[in-house]
Amino acid sequence: MNSRDELFKKRDLFLIISLMVVFLGLYWGKSQKGQTVEVFVGGKLSMQIRVAGSYELHDGDKYLMKVVFDGQKVHVENADCPLKICEKTGRVGPGGVIICVPNRVLIKFRKVSNEGVDVMTW
């Protein structure tokens, strides 16, 4: 068996890896667009997060929690509520919700679509 009969040649492997990198790059870039985290305190919109980072949430002078957005998922750290259920919820992605009843906080992870159509039915 000579080298011409090999299943994958080096350039075939290079082409496959290059295509995978391009498709992953396109998917990553597309998934980053339009993701917004909305934070409501007492039913009122308190904060909209579009950039990855760590944000402290206050209700007046009272510290409530730290909301951490990594660009793909959001989670809560260091909440001052007694049961820490909001922290135990973990990381949520698009469509997910974190609720902290004692602090009256609702964190919604939304994916904003610019297409103008929310739902299509047949």
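Which residues make a nonpolar surface patch of about 510 Å²? In this predicted model, the patch is formed by Leu15, Leu19, Val22, Phe23 and Leu26. Leu15 belongs to helix 1, which covers residues 10-32.

The overall architecture provides the setting for this patch. The chain contains two helices and seven strands. Along the sequence, these elements follow the pattern α-β-β-β-β-β-α-β-β. Of the 122 residues in the chain, 26% are buried. The exposed surface of the chain amounts to about 9,200 Å², and 59% of this area is supplied by carbon and sulfur atoms. When contacts between residues at least 6 apart in sequence are considered, 31% of them join residues at least 24 apart.

An open sheet is built from three strands, arranged in the order 3-4-5 with antiparallel pairing. Strand 3 (53-59) and strand 5 (74-77) occupy the edges of the sheet; each has a single partner strand, so one side of each is left without a neighbour in the sheet. From one strand to the next, the twist averages 30°. The pairing between strand 4, which comprises residues 62-69, and strand 5 is antiparallel and extends over four bridges. Within this part of the structure, Lys66 has Glu77 of strand 5 as its bridge partner.

A further position of interest is Ser46, which lies in strand 2 (residues 44-49). The relative accessible area of Ser46 is 40%. Because buried residues fall under 20% and exposed residues over 50%, Ser46 is classed as partly exposed. Beyond residues up to four places away in sequence, Ser46 touches Val39, Phe40, Val41 and Leu57. With respect to Leu57, the separation from Ser46 is 11 residues in sequence and 8.5 Å in space, taken from C-alpha to C-alpha.

In summary, the predicted model describes a chain of two helices and seven strands. Its described features include the nonpolar surface patch to which Leu15 contributes, the open antiparallel sheet of strands in the order 3-4-5, and the partly exposed Ser46 of strand 2.

Technical notes
Residues are numbered from 1 along each chain as its sequence is written. This is a predicted model: local features need pLDDT of at least 70, side-chain atom pairs count only at pLDDT 80 or more; totals for chains, interfaces and linings use all residues. Side-chain values use heavy atoms; hydrogens and water are left out. Buried means under 20% relative accessible area, exposed over 50%, partly exposed in between (1.4 Å probe, protein chains only). Contact means heavy atoms within 4.5 Å. Accessible areas come from the Shrake-Rupley method with a 1.4 Å probe; for residues, only the protein chains shown count as cover. Patches are made of residues with over 30% relative accessible area and no salt bridge: like charges are joined within 9 Å, nonpolar side chains (Val, Leu, Ile, Met, Phe, Trp, Tyr) within 5 Å. A salt bridge is a side-chain nitrogen of Lys or Arg within 4 Å of a carboxyl oxygen of Asp or Glu. Two strands pair if DSSP finds at least two bridges between them. Axes are lines fitted to C-alpha atoms, for helices over the stretch in contact, and angles run from 0 to 180 degrees between N-to-C directions.
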